[in-house]
Amino acid sequence: MSAFSTNNFASISRGRKIQSALIGTPNSVLYTVPSGKRCTVIGINLANEHTAATTFFLYHVRPTETASTKSALYYGMTMATASVTQDDAPKYLAAGDQLIASCSTGFHVCITVYGIED
C-alpha cells in the first residue's frame, strides 16, 4: 500500500473505474469479471466515511470458492476514522472471478476499483 505518490495516479489513469460502492455488512459482491473476459485491477481506493474506526474485508473469489481467509486480499484491516487508503498492486482476475467486500460498521467504507478488462 502507498500514500498517494504521484506515480499511483498516473498508473490508475491507464484503466477505467470498474466499480464504486459503499460497503456494509454482510459480504457484498463488488465486481464480477464478465464471461469471456479477464481483468487486471490496477488500483483500489478505500475511504472510511464513518465517525469511528471500522474493520474492512476484501476477497478475490474464484467461481468455485467462497469468501474466506484463504481468498482474502484484506482480512480484518482496521481503518481509522475518516481515513483513506490506496492500493496500486496489480491483481489478476479471470472470467467469473469476483471481488467481495464487507466492513464492520454498516455502509461506511467507499471502495473504488480501477482496472483494465480485456
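## A walk through the core and its rings

Start by selecting Phe57, which counts as buried at 17% relative accessibility. Keep in mind as you click around that this is a predicted model.

**Stop 1: the partner of Phe57.** Add Tyr75 to the selection. The two ring centres sit 5.0 Å apart with the planes at 80°, so you're looking at an edge-to-face pair. Colour by strand and you'll see Phe57 in S4 and Tyr75 in S5, so this pair ties together parts 18 residues apart in sequence. Is Tyr75 buried or exposed? Turn on the surface: Tyr75 counts as exposed, at 52% relative accessibility. Phe57, at 17%, falls under the 20% cut-off and therefore counts as buried.

**Stop 2: one more ring.** Now select Tyr59 too. Ring pairs join Phe57, Tyr59 and Tyr75 into a cluster.

**Stop 3: the rest of the aromatics.** How many aromatic pairs does a search of the whole structure find? The count is 3. One of them is Phe56 with Tyr74, a tilted pair at 6.2 Å centre to centre and 55° between the planes. This one also links distant parts of the chain, with Phe56 in strand S4 and Tyr74 in strand S5, 18 residues apart. Check the burial of each ring: Phe56 has a relative accessible area of 0% and is buried, and Tyr74 is buried as well, at 8%.

**Stop 4: out from Phe56 into the core.** Leave Phe56 selected and add Leu46, Leu58, Leu99, Ile111 and Val113. Together with Phe56, these residues touch the most other members of the largest nonpolar core, which has 21 residues. Which strands supply at least two residues each? Show S1 (16-23), S2 (28-32), S3 (39-48), S4 (54-61), S5 (72-79), S8 (98-103) and S9 (109-117). The largest share, 4 residues, comes from S3.

**Stop 5: zoom in on Val113.** Skip the neighbours within four places in sequence and list what remains in contact with Val113. You should get Arg16, Lys17, Ile18 and Gln19, then Leu30, then Val41, Gly43 and Ile44, and finally Leu99. Leu99 is a familiar name here, since Leu99 and Val113 both appear among the core residues that touch the most other members.

**Last stop: the cysteines.** Select Cys39 and Cys110. Cys39 is buried, with a relative accessible area of 1%. Cys110 is buried too, at 19%, a value under the 20% cut-off. Don't go hunting for a sulfur bridge, though: a search of the whole structure finds 0 disulfides.

Conventions:
Residues are numbered from 1 along each chain as its sequence is written. This is a predicted model: local features need pLDDT of at least 70, side-chain atom pairs count only at pLDDT 80 or more; totals for chains, interfaces and linings use all residues. Side-chain values use heavy atoms; hydrogens and water are left out. A nonpolar core is a set of buried Ala, Val, Leu, Ile, Met, Phe, Trp, Tyr and Cys residues joined through side-chain atoms within 4.5 Å. Buried means under 20% relative accessible area, exposed over 50%, partly exposed in between (1.4 Å probe, protein chains only). Contact means heavy atoms within 4.5 Å. Rings of Phe, Tyr and Trp (its six-membered ring) pair if their centres lie within 6.5 Å; planes under 30 degrees apart count as stacked, over 60 as edge-to-face and the rest as tilted. A disulfide is a pair of cysteine sulfur atoms within 2.5 Å.
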